[in-house]
Amino acid sequence: MSAIVGFLSSAIRLSTTFLFGSMGETITEKSGHLNLGTPGVMCVGAAGGCLGATLYVTAAGGAVNPFLAVLIPALFALFFAALMGALYSFLTVSLRANQNVTGLMITTFGVGLGKFVKGALGSDADVAIGQICKYFRTLFPFADKLGWFGQLFFSYGILVYLAIALAIVTSVVFRRTRIGLHLRAVGENPATADAAGISVTAYRYVATIIGSAVSGLGGLFYIFDYVGAWDSGLTATEALGWLAVALVIFTLWRPNLGILGSILFGALYILPNYLNVGFAQRDLIQCVPYLVTIVVLVITSMRKKRENQPPASMGLNYFREER
Amino acid sequence: MDKTVALELKNVTKTFGRVVANKDVNLTLNRGEILAILGENGSGKTTLMNMIAGIYYPDEGAIFVDGEEAVIRSPKDAYDYKIGMVHQHFKLVDVFTAGENIALGLRDGKKFRMKEINARVTEIAEKYGFHVDVKKKIYEMSVSEKQTVEIVKVLYRGAEILILDEPTAVLTPQETDKLFAVLRRMRDDGKSILIITHKLHEVLALSDRVSVLRKGEYAGTVNTAETNESELTEMMVGKKIALNINRSTPQNVCDRLAVEHVNCVNREGVKVLDDVSFTARAGEILGVAGIAGSGQRELLEAIAGLQKLSGGAITYFDPQNGERVNLCDKTPTQIRDLGVRLSFVPEDRLGMGLVGNMDIVDNMMLRSYRKGKWGMLDRKNPKGLADDIIRKLEVVTPGVHTPVRRLSGGNVQKVLVGREIALTPTVLMAAYPVRGLDINSSYTIYNLLNKQKESGVAVIFVGEDLDVLLELCDRILVIGGGTVTGIVDGRTATKEEVGLLMTKFRRTEETQETAGEENHDS
């Protein structure tokens, strides 16, 4: 029993990385932007968080305020990840660059930038993360007293709950608000949206910037909460980033489904730790999420249900003159 | 019915580069009336309507709404003047419901509640006798339902002046009748309706007055009750203009290609070719006249092996041995392997004819890529051919290695026609080969076609300019709504005769029946 609860709660914890990453990418893709830079954006989010943490811990000396210790790295992560989204939008919307190439460039650039920041900060960052990661990891002190129930529902840090809340809010925005309707129209048929007086450029910029910022929190969470150290965190962040992109397809562009999908992906990712297997089998098991995604992709393509297809104009830049 | 003027156009002119789309057009639209705008293809109807709807801005002249000068620079401005347009190509998001599409871009300051929007949509629809299922997704709808959504969308935004661009082009006769009933109800409610069409019988059935455009110019307005088909046709096509295209007497004429009772159904399940029969003869130019989209494209594609037939036969008579070759249900490669030398200059030059990003030599190779040895391409001969075409047809290009898309329209066409003629065809099909070309390039193309005819090729020429058709072609096949409405002699036929045949639709019991069957099926 306790092994199962431990497994599930670990899966839920890890799922937050996927959930932030895929939710951000979903918001971006709904506007018609295929941002394959999500892994890079997540690395930049993590690196931004480390920069914020190092600066704050150094400035605060011994007296670290738990609230600020979480807020400042989070704001740094949001800001730098958003910058990557702005760069992507500038290249694809304003300079009309190919979306696929730009996205892959953002990934390469983001991972490299993250590694550079790591090297530049040196051991100061390790100290800072070690000192403040405990504030990321717990929110409800009473969780220990509730046994398995507490472990399963109340044992996580603030970012886990934030991700789930945000996923629900995003779903509601997509389906129930005017902004959501307009955003979906921009991603489906920008010419129609344009004719209806909706600014395609504004929607694509804003959605991509917000989406990237949200993805960046995934990287922040992974370093500060899940691992609690730099170590090999950036390489893993990139790998998890690609899984987040796959998760967007797996959840059929629905953030609310993303909550369950990310837990499944998290469970599959950590499953080898709970089985007595060698390294080779371990890597094989961690491939399962990709396989599952391919199966989902094939099934939805075969069923041809229009609601489950990607936004129709995703990956295509829009220029009014070429109508 | 009160006779207040809702909309007035004074001396409106619009040019695109050197092409004059509208010249000094005057128009008045009264409140509570249906005004039909009649004109051939390219007579500037849509351009004129787009200016009223805010898509284009006139170069000269003024537009007055309710007696006051209106500046309409965007569709949003048009809505502020209570003008709404239903375009030929619907602007709808496929995965949205009807209600969501109508709500799109709406800024009425109210809180966003789909329920209220849907209720209001249903209310408007019921008022005019429409049927709209607000929760139905667009991709599940028929063309007629989509059109209804577009019309309601315009009404929802409070339009008093409605512009409809060829609304009946995509409708069955029954759906057309329904639409007309709705339009009459809207007129009786005091709305003003501008309807673009080139179907004469519809104009006569629906409109109060008719304004005619001819080659971008205003040709006059008549009361529908006081006119008839032949008067309208004459206004539409105008007097014949002499073009002085050389036309030699056909020599050694013999049958080359026989099309018999051909039927064709397109992807949407609409019958685009209905019992088409004709013969193309060697040493003759057969013109094909008709309103755009009457089945010309499908006809040529059927002969070229690109369109599946649902009935009928296409037979080729081999000039060497007089053998009959069946071309039905064959791919283009199979047709060529049968020894049929068929050349095709499609309407969509850079889509079907040439690859825009490839240079002239590579485009030549699209026809000869199988000729190399050992799996390697032969580039020498195509290069020679490209040089030849550039020299003989005076193609203006920096070199043979310039991407075709960088050439001007006329030069692109010369490259395409040159390549097709180089195959020494026995049948040459050309769809709108002079569209977008200046006078000189056009005459170059006419001469090329004439030379082919004189060398014994069966030429099929699909055109839109009646003057050209009447001077270039030996016989003219007139096609209307997918059926052959007549085959006339190019030397003796008059413009009015062809014009009337073009707009004559055999909307008799026969087509009514097939439409009815389709409804049962769905």
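Helices are DSSP runs of H or I that span at least four residues and are numbered from the N terminus. In the predicted model described here, helix H6 of chain A covers residues 147-153, and Trp148(A) is found in this helix.

Trp148(A) also belongs to a nonpolar patch on the surface, which is formed together with Met1(A), Phe142(A), Leu146(A), Phe149(A) and Phe153(A) and has about 650 Å² of accessible area in total. The relative accessible area of Trp148(A) is 48%, so that this residue is classed as partly exposed, and because patches are made of residues with over 30% relative accessible area, this value is in keeping with a place in the patch.

A patch of another kind, one of positive charge, is likewise present on the surface of chain A, where Arg175(A), Arg176(A), Arg254(A), Arg303(A) and Lys305(A) gather. Of these residues, Lys305(A) is placed in the segment that follows helix H14 (288-303) of chain A. With a relative accessible area of 40%, Lys305(A) is partly exposed, and this value too lies over the 30% that membership of a patch requires.

Chain B is divided into three domains, of which domain 1 comprises residues 5-237 and domain 3 comprises residues 349-423, whereas domain 2 is assembled from the segments 253-339, 425-437 and 451-514. The centres of domain 1 and domain 3 of chain B, taken over C-alpha atoms, are separated by 43 Å.

Within chain B, strand S19 (residues 475-480) contains Ile479(B), a buried residue whose relative accessible area is 0%. Although Ile479(B) and Ser294(B) are 185 residues apart in sequence, the distance between them in space, from C-alpha to C-alpha, is 6.5 Å.

Backbone geometry calls for comment at one residue in each of the two chains. In chain A, Leu252(A) has a positive phi of about 55° although this residue is not a glycine, and its place is in the loop between helix H11 (233-250) and helix H12 (255-274). The relative accessible area of Leu252(A) is 14%, and the residue is therefore counted as buried, since the cut-off for that class is under 20%.

In chain B, Asp275(B), which is also a residue other than glycine, has a positive phi near 55°. Asp275(B) lies not in a loop but in strand S12, which runs over residues 271-282 of chain B, and with a relative accessible area of 38% Asp275(B) is partly exposed.

Note on methods. Residues numbered from 1 in each chain as written. Chains lettered and ligands numbered in written order. Predicted model: local features only at pLDDT ≥ 70, side-chain atom pairs only at ≥ 80, totals over all residues. Heavy atoms only, no water. Patch = residues over 30% accessible without salt bridge, like charges linked within 9 Å, V, L, I, M, F, W, Y side chains within 5 Å. Areas by Shrake-Rupley, 256 points an atom, 1.4 Å probe, with all protein chains shown as cover. Salt bridge = Lys/Arg side-chain N within 4 Å of Asp/Glu carboxyl O. Lys, Arg positive; Asp, Glu negative; His and termini not counted. Charge placed at Lys NZ, Arg CZ, Asp CG, Glu CD. Buried < 20%, exposed > 50% of the residue type's maximum accessible area, 1.4 Å probe, protein only. Domains from an automatic or database assignment.
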